[in-house]
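Here's a quick briefing to read with the model open beside you. It goes topic by topic, so feel free to jump around.

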Amino acid sequence: MDYFDSLLNQKKRVLRKVMRTIVLFVLHVFVLCWLSANWGCGPAVCSPECLKGFRCEAGQCVSTCTSGQTNCSSGCVDLQSSKEHCGFCDKACKEGQFCKAGKCVQSCPKDQESCSGQCVNLQTHPKNCGECGKACSAQQSCVKGKCGCPPWQTLCGSTCVDTKLDTGHCGACGQKCPSGKVCTDGKCSSCIPFFHEKSLVAHQEKVFSVALSPGGKILATGSADDTVKLWEATSGKLLHTLKGHLADVFDVTFSPDGKVIASASGDFSIRLWSVETGKLVKTLAGTNLNEGHREEVLSIAFSKDGKRMVSGARDDTVKLWDVASGKVIHARLFHDDDVTSVAFAPDGNTVVSASSDKKVKLWHASTGKEVRAFVGHKDGVNAVAFSPNGQIVASGGRDSKVILWEAASGKLLRTITENAGNGDAVQSVAFSIDGETLATGSLDDTIKLWEVSSGKQLRVLKKHTGDISHVGFTADGKSLLSASADLSVRFWRCACPTGDSICSEACVNLNQSGEHCGKCGNACSGDKVCSFTQCGCPEGTTDCSGVCRDIRSNAQHCGKCGSACPEGEVCEEGKCRIACNPKKQGKTLSGHSSSVTSVAFRADGKILASASADKSIKIWEVSSGKVLRTLSGHQALINRVAFSNNRRILASASSDKTVKLWNADTGRLLHTLSGHGDRVNCVAFSENGKWLASGSDDKKIRLWDAVTGKLLKTLGGESSEDGVRDVAFSSDNKTLVSSSGVGGKGDFRLWEISSGKVLRVFKGHKDVVNRVVFNRDGKRIYTSSIDGSVKIWESASGKLLKTLSHSVEKKAPIGIAISPNGKALAIQYQSRVKLFEPDSGRLLESLEAHTDQVNGVSFTADGETLATASSDKTIRLWGCR
């Protein structure tokens, strides 16, 4: 047995030696072949040939690559520009990128270059002027690849300034305007506010008074909601809500040092609060005539040194107070009716008061004795103010008059107008810092500005939608504040912000204004935008026959202009691919305090806008689900939002009867479009971005210039039972479809935009049509109705093609939307959304979307993401992967 085991082991050892010898021989041959292929060629054991990129020369393989090339697996390549070998062999750039200087960068349109991964126009970009990384200095522009001042500005030192408007360089470099003056047309002049800078919805009830701290940092407001609010003036951030009054707060004013805010209330008291902490410091009140007021306190004012205060009330008295002790100094300064307004003279020696007894009275501040009465108003006097030099007293009354009086003599100098309030009472008056301009606010919702020397009307400011309760100039003399019954406070500037110019009595940045690009009146056409004084397509888009398109994602212009993807395919990074339908729930976006009424994706799908019954619009970053900004300004619930194809402009329609246009990138309000007589239900942009349509319960459709906000024409207005519910433009921008019930319930109309005429009336629904949409090529119209049906129509003939049998449920469809790729029709049913194949009506997906009614849906451009908005206060995103 041992003998056989030994023989077997011996055979194994021999076999292992043989196998080892064979392996070594094969390896030896392989190495020789490999070496000869790289370093030798010609007749050899392997008959080698040189690798790709080499040639055989004198028995050696020699590289065929030229200078600047490298031999990689695919042959000779330039590592500085090869997309497959960028910087290194086999390092390929991603789809939508190209190789530049050995680095993969984003593909850009032909008129742009990639700088640090961003597509820019080197002819106009101030941070990449002429070449990547070459930045222009502050305020300089890049024109034709060179840095310099824009045509309307002058180089003063190292800064570009507009010498027509700059108070530090008025008319010429270094020529400064005196304090309280502004620069207009190169000359120092009085402050005449004209530019509406910003607004703040301060309270939920009427705002009676507004005041800005001496340093200009803190804003105070008093309201019918019994509170005083302190705000950060620049940002509008709420700092403190001061609670304690038991009735309306009629007046607020800061102490001269800005440390105390005083408030006058209908609870018969005056309260002093710490501005820093918001805590109550002192209450000025009393139970008898000598201690305090016995009725509503309507007006208060500090003396210039802050040691005394004057007040006027409905108990027909004016009182002078010692601020430090809180005690009344003089209590028996009487009128024959309510004392509506009081003011200290600049020197602190006299006090003026206005009353419902039709009189204005001047009092000695030290003795409390009456100096004289000014008689001239035919009705109660609501407001009074001293000029900055104390020589003139201005009064405004219920007789709609504004009168200027000489303080020293009581002489009537001038009745500025017999009708300052357009027949309505003048509520407030205020002098500019230099005393040359007077501002008045009245019950006609307007603010008027007057030249004091002549009584000439200079300007009318008309942004408020309620009566004006207060006007006042800021301490620096460059702005005017106004408070209104429309719940808002507004800021009006006398001069444009640095770098802006005046066009049509508005401040505009000629570097980026779509209405005034490079010069006043030069409006960019279509969806072009103004970038550094030149009109052009937004970055990342290409001009396709005058319309800006993102050829990386636009299915009609995929990869290049005019290259359309087949039906059912989407464009991704410039290439067509088969699309998929949303079905998987992604992020839930929360932030609104009431029902979300509408959603809309920006053209690139990266940004989402949502509207709510809480009167706000939120701009969301889709990838992170974060709120980028909140837009406020509407006074009632917002019914619809829509993005323009140029990405930047967002439109909103509200029950406050207005449409607003916003720059979604910055949150800036561009225009408020007024004219509808009832709530506005819907808005839609034309495909070319030139027009905006709005539909209202006033039964009218209004067409607006989407750039300037100008009304172009009004459609409809015929007798009907219902207002306009929805509007939609065809893809060729020639027609508009609207659902309104005009001419009978269930009918809807097709309009010719150029003429404003009705092309066709569609009949077939049994009840009001609540949504209308065109398909991608504009040949079909999809409608939903409260009769429970969804129908498909041929737009050219008006023929009914199909009624979707799946559409009838226990509840009627609330609305519909068709995906841009044409693959899915979304129908809203209460808390669910169903996706159907548009032509066949085949059910594709059923999304159990929310816990309450779905009010709106929106697809991204590729149709693969769906957003749903609900009364449950949330937005949900749905994807196909």
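K17 counts as exposed, because its relative accessibility is 55%. Keep in mind that this is a predicted model. K17 sits in helix α1, which covers residues 2-39, and that helix is a handy place to start before moving on to salt bridges, hairpins and a couple of loops.

**Surface patches**

- K17 has charged company: K12, R13, R16, K17 and R20 gather on the surface as a patch of positive charge.
- There's a nonpolar patch on the surface too, made of V14, L15, V18, M19 and I22, and together these residues offer about 460 Å² of accessible area.
- V18, one of the nonpolar patch residues, is also part of helix α1.
- V18 has a relative accessibility of 41%, so it gets the label partly exposed; the cut-off for exposed is over 50%.

**Salt bridges**

- The count for the model comes to 13 salt bridges.
- One of them pairs D434 with K181, at 3.2 Å from N to O. D434 is in the loop between β36 (426-431) and β37 (437-442), while K181 is in strand β13 (residues 181-184), so this contact ties together parts that are 253 residues apart in sequence.
- How do the two partners differ in exposure? D434 is partly exposed because its relative accessibility is 23%, whereas K181 is buried at 17%. The line between those two labels is drawn at 20%.
- Another salt bridge joins R640 and D726, with 3.0 Å between N and O. Here R640 belongs to strand β56 (residues 638-643) and D726 to strand β64 (residues 726-729), so the pair links parts that are 86 residues apart in sequence.
- Both R640 and D726 are buried.
- Shared partners also matter for the bookkeeping: K181, D434 and E436 are joined into one network by salt bridges.

**The β30-β31 hairpin**

- Strand β30 (residues 359-364) and strand β31 (residues 370-375) run antiparallel and are joined by 5 bridges.
- Across that pairing, V360 stands opposite F374 in β31.
- The hairpin has 5 residues between its strands, and G368 takes a positive phi near 80°.
- A salt bridge turns up here as well: K361 pairs with E370, and their closest N and O atoms are 3.5 Å apart.
- Which of these two partners is buried, and which is partly exposed? K361 is buried, with a relative accessible area of 8%, and E370 is partly exposed, with 41%.

**β37, β38 and β39**

- Strand β38 (residues 447-451) has 4 of its 5 residues buried, so the rest of the structure largely encloses it.
- β38 pairs with β37 in an antiparallel arrangement, with 5 bridges between them.
- In that pairing, T437 stands opposite E451 in β38.
- The hairpin that β37 and β38 form has 4 residues between the strands, and D445 in the turn has a positive phi of about 75°.
- β38 also pairs with strand β39 (residues 457-461), again in the antiparallel sense, over 4 bridges.
- K448 is the residue that stands opposite V460 in β39.
- The hairpin of β38 and β39 has 5 residues between its strands, and G455 takes a positive phi near 80°.

**Two loop residues**

- Q204 is placed in the loop between β15 (195-201) and β16 (207-212).
- Is Q204 buried or exposed? At 62% relative accessibility, Q204 counts as exposed.
- Q204 and S223 are 19 residues apart in sequence, and their C-alpha atoms are 8.5 Å apart in space.
- E291 is in the loop between β23 (280-284) and β24 (297-302).
- With a relative accessibility of 38%, E291 counts as partly exposed.
- The C-alpha atoms of E291 and G326 are separated by 9.5 Å, and these residues are 35 apart along the chain.

Notes
Residues numbered from 1 in each chain as written. Predicted model: local features only at pLDDT ≥ 70, side-chain atom pairs only at ≥ 80, totals over all residues. Heavy atoms only, no water. Patch = residues over 30% accessible without salt bridge, like charges linked within 9 Å, V, L, I, M, F, W, Y side chains within 5 Å. Areas by Shrake-Rupley, 256 points an atom, 1.4 Å probe, with all protein chains shown as cover. Salt bridge = Lys/Arg side-chain N within 4 Å of Asp/Glu carboxyl O. Lys, Arg positive; Asp, Glu negative; His and termini not counted. Charge placed at Lys NZ, Arg CZ, Asp CG, Glu CD. Buried < 20%, exposed > 50% of the residue type's maximum accessible area, 1.4 Å probe, protein only. Pairing = 2+ DSSP bridges.
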